[in-house]
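The exercises below are meant to be worked with the sequence and the model side by side. Try each task before reading the solution that follows it.

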Protein chains: 2
Amino acid sequence: MEPNTPASTDSTIPADHPGVGELFAVLAYGEISAFYRLSEDAQMARTLQGKVALASMAAAEMGHFEMLEKALTARGFDIFEAMDPFVRALDNYHASTTPSTWLEALVKAYVGDGIAADFYREIGHSLPAEVSRTVEEVLSQTGHSEFVVHEVQQAIKASNRDKDRLMLWGRRLLGEAITQAQFVLAQREALTELVISASGDLNGVVALFDRMQEMHAERMAVLGLV
Amino acid sequence: MEPNTPASTDSTIPADHPGVGELFAVLAYGEISAFYRLSEDAQMARTLQGKVALASMAAAEMGHFEMLEKALTARGFDIFEAMDPFVRALDNYHASTTPSTWLEALVKAYVGDGIAADFYREIGHSLPAEVSRTVEEVLSQTGHSEFVVHEVQQAIKASNRDKDRLMLWGRRLLGEAITQAQFVLAQREALTELVISASGDLNGVVALFDRMQEMHAERMAVLGLV
């Protein structure tokens, strides 16, 4: 996308909608918490290559955080105050999905990032152009996920038991993500209003969660988890 | 510095000196191990600001790692093989200097990075221009250390006991760094030859370690630890 091309020209949502700051803030805390989850999970890596791959993914999250910090500051927000209401839900998500094996950590890195990206892309195309652009940049691929795909595919070829476990694990990741997303939406009126406007109406929100489930299934299939 | 200006035009060391790959490799593993040290230490942060500051410093280390990976790959090295001989010394350094408080973690982040930077800058100006440029880029400031300086200065204003402890801690960091640097030099002939050539002779190496001690003292003074 050209930097000056509007991502969407027909958005009826104003660029200063109060939900925009909340959207950036939840994304920002998502990056911080993913950073710490990835760097902690890397302790389970069996090779230095694995450690480096997770460290690079974690570092990319911080790059995204810095973009969001700029966007929030430009809108007059203090990023730490803005992130505060989202700390609990995201910490809960990570606490309830702490990987206990290296393979679980890899699947979570891949699938968890994907679930978040799907959500923001789904609403992104209905957002005002400048907001949508920031979201797109933040969600741009980090380019380290081939490592994850390869490692997981190799592991499940060797073990049906690993495969079964990881399929359940993937389902749990999606379930917990949706639970926490609903918790956030129930608490943040402006953000909810933004999501509903971007989806058209409440039926649109339901359809959005359905599509996220389909995209999750496709991502699991890429890993060989079908 | 302009990208095409040689950093040094009078180096007598050839750009393909076998110590260059070792220099890049020890720097590279240094970045990886600093990444994991910083992200783990961040768990002790008392505020989200502190956590974010350490995460940003850690992410910057990965940016440097990626530069070194490119430089090593361009020279025909496999980065993981090249780093392998340095894993033990750097892991030992971190194991023997694991911070037990948030303030120790901050002082280590600031002072430890500084010790490494001094060492490479000292020899950098005698290295062939293209090597010297890579080292300079990798050691460029990350811009997050003001946070550390401010936090430490505030803390020691409030407590003489903290100040005394952190002064001892700083001395220990330098001591352990020199111990491990000597261990590395004793084992890696090509790297040692490079350092001796860059310093002039063995007396030059001794003078180099003396200057590192002085620069360390200056850095401690910036933190208020005098």
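**Exercise 1.** Which residues does A:Tyr93 touch, not counting residues up to four places away in sequence?

*Solution.* Before starting, note that this is a predicted model, in which local features need pLDDT of at least 70, side-chain atom pairs count only at pLDDT 80 or more, and totals for chains, interfaces and linings use all residues. Residues are numbered from 1 along each chain as its sequence is written, chains are lettered from A and ligands numbered from 1 in the order in which they are written, and side-chain values use heavy atoms, with hydrogens and water left out.

Step 1: locate A:Tyr93 in helix α4 of chain A, residues 87–96, where helices (H or I, at least four residues) and strands (E, at least two) are DSSP runs numbered from the N terminus. Step 2: apply the contact criterion, heavy atoms within 4.5 Å, which gives A:Lys108, A:Gly112, A:Leu173, A:Glu176, A:Ala177 and A:Gln180 as the residues touched by A:Tyr93. Step 3: check the accessibility, for which buried means under 20% relative accessible area, exposed over 50% and partly exposed in between (1.4 Å probe, protein chains only); A:Tyr93 is buried, because its relative accessible area is 10%. Step 4: compare sequence and space, where A:Tyr93 and A:Ala71 are 22 residues apart along the chain and their C-alpha atoms are separated by 25 Å.

**Exercise 2.** Determine whether A:Thr134 and A:Asp84 are buried or exposed, and place each of them in chain A.

*Solution.* Step 1: A:Thr134 belongs to helix α6, residues 129–138 of chain A, and it counts as buried because its relative accessibility is 18%. Step 2: leaving out residues up to four places away in sequence, A:Thr134 touches A:Phe24, A:Leu68 and A:Ala71. Step 3: A:Asp84, by contrast, sits in the loop between α3 (79–83) and α4, and with a relative accessible area of 54% it is exposed. Step 4: although A:Asp84 and A:Tyr29 are 55 residues apart along the chain, their C-alpha atoms are separated by 8.3 Å.

**Exercise 3.** Describe the environment of B:Glu104 in chain B.

*Solution.* Step 1: B:Glu104 is found in helix α5, which covers residues 102–124 of chain B. Step 2: with a relative accessibility of 14%, B:Glu104 counts as buried. Step 3: once neighbours within four places in sequence are set aside, B:Glu104 is in contact with B:Pro99, B:Leu166 and B:Trp169. Step 4: B:Val152 is 48 residues from B:Glu104 in sequence, and the C-alpha to C-alpha distance between them is 9.3 Å.

**Exercise 4.** Summarise the fold of chain A, and then establish how chain B is related to chain A.

*Solution.* Step 1: chain A has 10 helices and zero strands. Step 2: of its 226 residues, 53% count as buried, and among the contacts in chain A with a separation of 6 or more, residues 24 or more positions apart account for 85%. Step 3: the C-alpha trace of chain A spans about 50 × 35 × 35 Å along its principal axes.

Step 4: superpose the copies by least squares on the C-alpha atoms of residues with pLDDT of at least 70 in both; a turn of 180° and a shift of 0.0 Å along the axis lay chain B on chain A with an RMSD of 0.0 Å. The two copies are therefore related as by a two-fold rotation axis. Step 5: the residue of chain B that comes closest to the rotation axis is B:Ala59, at 2.2 Å (C-alpha). Step 6: the copies meet through the same surface, because 100% of the interface residues of chain B are also interface residues in chain A.
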